[in-house]
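Take a moment to turn the model around on your screen before reading on. Then let's walk through it together, from the overall outline down to single residues.

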Amino acid sequence: MSSEKEPNLPGDDELARMDRDELVRLGTKLDGVEIVDYPTPWPVEGTRAEKRAERIVALWFALCAISGLAFVVALVWWPWRYEPPTDETGHFWYSLYTPVLGVTLGVSVLALSVGVLLYAKKFVPQELAIQQRHDGGGEGSPELDKQTIVAQLADSGQRSTIARRSLVKRTLGAGAGALGLATVVLPLAGFIRDPWKNSENKESLWHTGWQPLFPGEVVYLRRNTGNSHEISLVRPEDLDAGAMETVFPFRESERDDEHALSQALKRSDNPVMLIRLRPADAARVIKRKGQEDFNYGDYYAYTKICSHVGCPTSLYEQRTNRILCPCHQSQFDALQYAKPVFGPATRALAQLPITVNEEGYFVARGDFIEAIGPGFWERKS
Ligand code: FES
């Protein structure tokens, strides 16, 4: 039970005649709060120290605005496409993309926080008040409480002197606006730089290095001997039953192109596992609908890029016919179109359609028919 003394409540006429200061005092009394000290941070307006404090706060808000805008500009226009290290300039700018985003957004949020904290510290009065504990009625606020709380809020606003500090208001508005713009642009940026646009473009995520550059182009399966100039094509007799070999695309037009030969071995979506099943296992294969002719006899080719988050699924266990991804232990069944049978991966490894040409070499019959790598909503399984 509260022991505090209830203040005399004013009538409606008296309430209407009260100014804001009186309403503030009445409001604090009604809440059982006694203001002991309520100093104005800058009792003399317009001093050099006050102006300096205002400029410092404005500086932080301006930094927030500039950095927020820089983030938006970098998000949309910075060179974000991968450039190989062989293109030194392109690779340099591309490698800065993520750090630039992190720094600009981080500085913007930090500057806004510092600005708000500094303003509260320098300009908002730090009153000393004592409040008695009391039980609430729980029946909603009467008119008296509403008016006094509005007066208290208005008083706080006035005492913070924000109304007459146009520099601070303008820079705060610019900073908050830039950050707001960043939060709007962030989800839209993926559409502005739509990686699915130009799906026929060989750089599109829909395609890999296995895509023929022109209709009818032969793309061979090539092994990596450690020397990018050495072309070692793969024949069926090169693999024993139960063996696996990693292969890369090779096209005759690139035979003398040092750069293209090296890139074919480095491009991240190129590595493919060529697996030769043992005859007894091959008899148990279940093929995926639409991919019934993707294999050549007992030979099956699957991308090495895990459908979970893209690690190389480098391990093939002959005894169980399982393909293992060492990153998070996903396992794929080579006898069932490399569908996941264990671990976090939920989608099958994409299968490369292959055959053997009249010269006896393995060739791809086309690119993968679906995007490889980490699962995303465009993939069906
Ligand atoms: S990347 Fe392969 S299991 Fe996670």
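What follows is a short tour of this predicted model.

**The overall picture**

Start with the outline. The C-alpha trace of the protein spans about 105 × 50 × 30 Å along its principal axes. A compact globule of 381 residues would have a radius of gyration near 21 Å, yet this protein comes out at 35 Å. The secondary structure adds up to nine helices and 13 strands. As for burial, 40% of the 381 residues are buried. If you take the contacts between residues at least 6 apart in sequence, 67% of them join residues at least 24 apart.

**Two nonpolar cores**

Now look inside. The largest nonpolar core has 19 residues, and W210, L221, L274, L352, I354 and F362 have the most contacts inside it. Five elements are named as giving two or more residues to this core: β3, β6 (272-276), β7 (299-303), β12 (354-356) and β13 (362-364). Another core, of 18 residues, lies apart from that one, and M273, V285, C306 and I323 are among its members.

Zoom in on L352 for a moment. Leaving out residues up to four places away in sequence, L352 touches W210, V272, F294, A301, A364, G366, D367 and F368.

**A helix with a cap**

Next, find helix α8, which covers residues 258-266. Its buried residues are A260, L261, S262, Q263, A264 and L265, and they pack against β3 (219-223) and β5 (244-250). At the N-terminal end of α8, D257 acts as a cap: one of its side-chain oxygens lies 3.2 Å from the backbone nitrogen of H259.

**A four-stranded sheet**

Here's a feature that's fun to trace with a finger. Strands of a sheet pair through backbone hydrogen bonds, either parallel or antiparallel. This open sheet has four strands in the order β8-β9-β10-β11, and the pairing is antiparallel. Which strands stand at the edges? They are β8 (315-317) and β11 (339-342); each has a single partner strand, so one side of each is left without a neighbour in the sheet. From one strand to the next, the twist averages 35 degrees.

Look at the pair β10 (residues 331-333) and β11: three bridges join these antiparallel strands. Within that pair, F332 stands opposite P340 in β11.

**Two loop residues**

Let's finish with two residues that sit in loops. N321 is found between β8 and β9 (322-324). Is N321 buried or exposed? With a relative accessible area of 1%, under the 20% cut-off, N321 counts as buried. Its side chain also makes a polar contact with the side chain of D281, at 3.0 Å.

Y38 has its place in the loop between β1 (33-37) and α3 (48-77). How far from I305 is Y38? The C-alpha atoms of the two are separated by 66 Å, and they are 267 residues apart along the chain.

Here are the contacts of both residues, leaving aside neighbours within four places in sequence (heavy atoms within 4.5 Å):

| Residue | In contact with (within 4.5 Å) |
|---|---|
| N321 | L277, R278, D281, R284, Y316, F332, D333, A334 and L335 |
| Y38 | P125, E127, D155, S156 and R159 |

One name in the table should ring a bell: F332, a contact of N321, is the residue that stands opposite P340 in β11.

Methods. Residues are numbered from 1 along each chain as its sequence is written. This is a predicted model: local features need pLDDT of at least 70, side-chain atom pairs count only at pLDDT 80 or more; totals for chains, interfaces and linings use all residues. Side-chain values use heavy atoms; hydrogens and water are left out. Buried means under 20% relative accessible area, exposed over 50%, partly exposed in between (1.4 Å probe, protein chains only). A polar contact is a pair of N or O atoms within 3.5 Å; within protein, one must be able to donate a hydrogen and the other to accept it, and residues adjacent in sequence count only if both atoms are side-chain atoms. A nonpolar core is a set of buried Ala, Val, Leu, Ile, Met, Phe, Trp, Tyr and Cys residues joined through side-chain atoms within 4.5 Å. Two strands pair if DSSP finds at least two bridges between them. Axes are lines fitted to C-alpha atoms, for helices over the stretch in contact, and angles run from 0 to 180 degrees between N-to-C directions. The radius of gyration is taken over C-alpha atoms; the globule rule is 2.2 Å times the number of residues to the power 0.38.
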